[in-house]
Amino acid sequence: MDADQNKWMMKSFDLAKEALKAGEVPVGCIIVYSDEIIAIGRNEVNETKNATRHAEIVAIDHVLRWSKENNLDSDTVFSKSVLYVTVEPCIMCAGALRQVGIPLVVFGCHNERFGGCGSILSIHDANILSLGPSFQCIGGIMKEKAIDLLKKFYQGENPNAPEEKRKVKKEELNI
């Protein structure tokens, strides 16, 4: 791993930690353009009660605003940017990243339940022309750190989960 990847991934992990503190699945990401962070994102699903507010989607929205504020064409900006994210993008996010034309995604751990960059489906390079250009993935960067954050989240209970979906406490099982 090169020094830049490490630097950018650390920024993504800062956002993932913020998500964890907010009761969200700890996923954070940044989008880098011309060696500058132009967008950040972290999961906001529970806070907004909107299942589409994954870190990558939040960051895409930031790039759209940033491009408009700087009088730049967002398609050009996306095509020259790199997204760094702590967990492999899910199928939805991988599709969105193709739609906007991100050429490279660097991620921490694989997403064995919903991964769209090879773990479940290969949306990033599937021969589906209507999604937009395919993108390259580099996975496994600081994956242990990503896994540790996910474990911390899943040890707890999601306070926003419906009552019937909440974890059963050990004391309720008489263990």
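These legends describe close-up views of a predicted model.

**View 1. The largest nonpolar core.** This core has 47 residues. Among them, I31, I38, L83, Y84, I102 and V105 touch the most other members. Helix α3 (residues 55–69) gives the core its largest share, 6 residues.

**View 2. Strand β3 and its two partners.** Strand β3 spans residues 81–87, and 7 of its 7 residues are buried, so the strand is largely enclosed by the rest of the structure. Strand β1 (residues 28–33) runs antiparallel to β3, and 5 bridges join the pair. Here Y33 stands opposite S81 of β3. Strand β4 (residues 104–109) pairs with β3 in the parallel sense, also over 5 bridges. L83 has V105 as its bridge partner in β4. Between β3 and β4 the chain passes through helix α5 (residues 91–100), making a right-handed β-α-β crossover.

**View 3. The surroundings of L83.** Neighbours within four places in sequence are left aside here. L83 is then in contact with C29, I30, I31, E56, L97, I102, L104, V105 and V106. L83 and V105 are also bridge partners.

**View 4. Helix α3 and its packing.** Helix α3 has 15 residues. From first C-alpha to last it reaches 21 Å, close to the 21 Å expected at 1.5 Å a residue. Its buried residues are A55, E56, I57, V58, A59, I60, V63, W66 and S67. The buried residues of α3 pack against three strands, β1, β2 (36–42) and β3, and against helices α4 (74–79) and α5.

**View 5. The residue N71.** N71 lies just after α3. This residue takes a positive phi of about 50°.

How values were computed:
Residues are numbered from 1 along each chain as its sequence is written. This is a predicted model: local features need pLDDT of at least 70, side-chain atom pairs count only at pLDDT 80 or more; totals for chains, interfaces and linings use all residues. Side-chain values use heavy atoms; hydrogens and water are left out. A nonpolar core is a set of buried Ala, Val, Leu, Ile, Met, Phe, Trp, Tyr and Cys residues joined through side-chain atoms within 4.5 Å. Buried means under 20% relative accessible area, exposed over 50%, partly exposed in between (1.4 Å probe, protein chains only). Helices (H or I, at least four residues) and strands (E, at least two) are DSSP runs, numbered from the N terminus. Contact means heavy atoms within 4.5 Å. Two strands pair if DSSP finds at least two bridges between them. A crossover is right-handed if, with the strands pointing away from the viewer, the path from the first strand over the helix to the second runs clockwise. The expected span of a helix is 1.5 Å times one less than its number of residues.
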